[in-house]
Amino acid sequence: MDQATRNLLKRLLDDQDGDRLIPHFRQLAAETILSIAYGIQIQPENDPYVKYADDASRPAAEAAVPGRFLVDAIPLLKYVPAWFPGASFKRKAREWYKLTRKMVEIPYADAKKRIVRIISLPPSLSLSLSLSLSGFLSDSPLAFGILQESGNSAPSILLTILQEIEAGIEDDAFTEEVLRNTTGTMYAAGSDTTVSAMLTCILGLLEHPEVVKKAQAQIDAVVKPGHLPDLEDEPSLPYITAIAREALRWRDVTPIAIPHFLSADDEYKGYHLPKGAIVIANSWAMLHDENIYPDPFEFNPDRFINPDTGELDYSRARDPMHACFGFGRRICPGRFMAFESLWLAIASLIAVFDLEKAKEKVTLPTGEEVERTVELTHEYIHALVV
Ligand code: HEM
């Protein structure tokens, strides 16, 4: 994560025009997630693994919109054949399934091969290796202690769990299928979301230069000259934490979390919720409740800072983490990693750069000069109107 963040700073410094802000942040998310998942170092541009993941993620965003397809409302439609007029959802689903399999299977297989390749084996083991290689490269059984010797390969979730599987761990969650699907969905679930939070944060900072100044003063007081902040500094830099928390609240990335389908009848505050109903949690309302967050549409990190101590204080405004990563057993498993990437990127950016709007005003075709305003579009809305 540290290295990927440093690479981001370098790219931003080199990009004098500043017109590739979004791709720079996308690269940061991809570098971080793919190296943690697979130990893969991606290419600076046009990386094939990033392409597989991007190709599969776009349809997923569209499919996640409740009611996007008629079959959501009339489940019987799932029985009509794919060629039937109006059954385009079936053809799309088939195409999207292929894209998802590519995203899940190709990086997994490549990363696994790489782990085997970098191990130098004594000649006596070569024959057994070549005999077992086919088994090794597909699914279990894994090969005889090879993974334990792979000390030179980059640490990753893939390597760690393969080692556990090979060591014979008795846990149904530790199978290659679970591992492949878990690593395969990390980028799709964690990339756009994290980038969105980072860009939102920059937007808030651009609107509030006084927040940037205050954060810079705290960093200067805590981090040694010539060093960049790192995650160990987090407890000493509460204002950066407050900024990151406020970004997650102010324009929350997933305003209706992810809709869930009830697998059994349920009851909530006297309301009967039948099996099969779709429940949508309104995170947006929770994070913009003015009783908890006064002036909720203002980007104001100070709401989380105790004015007397300067420390974090969620007694006046509730920690937004309670609603911005979903709920219950399907709560976002990447939330700690997401928060740390956001924290580190924002702390590093503020430490080395001043952030200000390139232009305060724009000239309309009529010649009139107007203030630049900010408007957010949302993927859900986009998916609903295409
Ligand atoms: C700011 C960044 C992020 C936000 C706002 C976010 C938000 C969410 C939300 C709202 C859910 C749905 C929870 C629910 O169903 O109630 C979710 C699920 C998920 N997230 Fe995140 N996420 C972020 C980053 C990440 C990262 C970095 C990863 C992994 C590297 C990740 C992996 C996942 C996975 C795998 C799920 C599905 C969990 C399941 O269905 O059991 N997310 N996320």
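This is a short tour of a two-domain protein and its ligand, stop by stop. The model is predicted.

**Stop 1: the two domains**

Start by colouring the chain by domain. Select residues 1-207 for domain 1, then 210-347 for domain 2; these bounds come from the domain assignment. Now look at where the two domains meet. On one side, 22 residues of domain 1 make contact, and they touch 23 residues of domain 2.

How much area do domain 1 and domain 2 bury between them? The value is about 1,900 Å², with 84% of it on carbon and sulfur atoms. Select Met1, Cys201 and Leu205 next. These residues of domain 1 lose the most area to domain 2, and together they account for 26% of what that side buries.

**Stop 2: what crosses the interface**

Search for salt bridges between domain 1 and domain 2, and the rule finds 0. Try polar contacts between the two domains as well. The count of residue pairs is again given as 0, with both residues required to be at pLDDT 80 or more.

Which elements supply the domain 1 side? Select α1 (2-14), α2 (21-38) and α8 (176-207): each gives two or more residues to the side that touches domain 2. Keep α8 highlighted. With 11 residues, α8 gives the most to that side. By class, the domain 1 side holds 13 nonpolar, 7 polar and 2 charged residues.

**Stop 3: the ligand and its shell**

Move to the ligand and show the residues around it. There are 22 of them. Gly190, His260, Phe327, Arg330 and Cys332 are the closest.

Which domains does this shell draw on? Both domain 1 (1-207) and domain 2 (210-347) provide at least three residues each. Turn α8 back on, and add α12 (335-352). Each of these helices supplies at least two shell residues. The largest share, 6 residues, comes from α8. So far, then, α8 has appeared twice: at the domain interface and around the ligand.

Colour the shell by class. It has 14 nonpolar, 7 polar and 1 charged residues.

**Stop 4: polar atoms at the ligand**

Zoom in on the oxygen atoms of the ligand. Select His260: a polar atom of its side chain lies 2.6 Å from a ligand oxygen. Go on to Arg330, where an N or O atom in the side chain is 2.6 Å from an oxygen atom of the ligand. Finish at Phe327. Here a polar backbone atom is 3.2 Å from a ligand oxygen.

How values were computed:
Residues are numbered from 1 along each chain as its sequence is written. This is a predicted model: local features need pLDDT of at least 70, side-chain atom pairs count only at pLDDT 80 or more; totals for chains, interfaces and linings use all residues. Side-chain values use heavy atoms; hydrogens and water are left out. Domain bounds come from an automatic or database domain assignment. Contact means heavy atoms within 4.5 Å. Buried area is the accessible area (1.4 Å probe) that two parts lose on being put together, summed over both. A salt bridge is a side-chain nitrogen of Lys or Arg within 4 Å of a carboxyl oxygen of Asp or Glu. A polar contact is a pair of N or O atoms within 3.5 Å; within protein, one must be able to donate a hydrogen and the other to accept it, and residues adjacent in sequence count only if both atoms are side-chain atoms. Helices (H or I, at least four residues) and strands (E, at least two) are DSSP runs, numbered from the N terminus. Ala, Val, Leu, Ile, Met, Phe, Trp, Tyr, Cys and Pro count as nonpolar, Asp, Glu, Lys and Arg as charged, and the others, Gly among them, as polar. A residue is near a molecule or strand if one of its heavy atoms lies within 4 Å of it.
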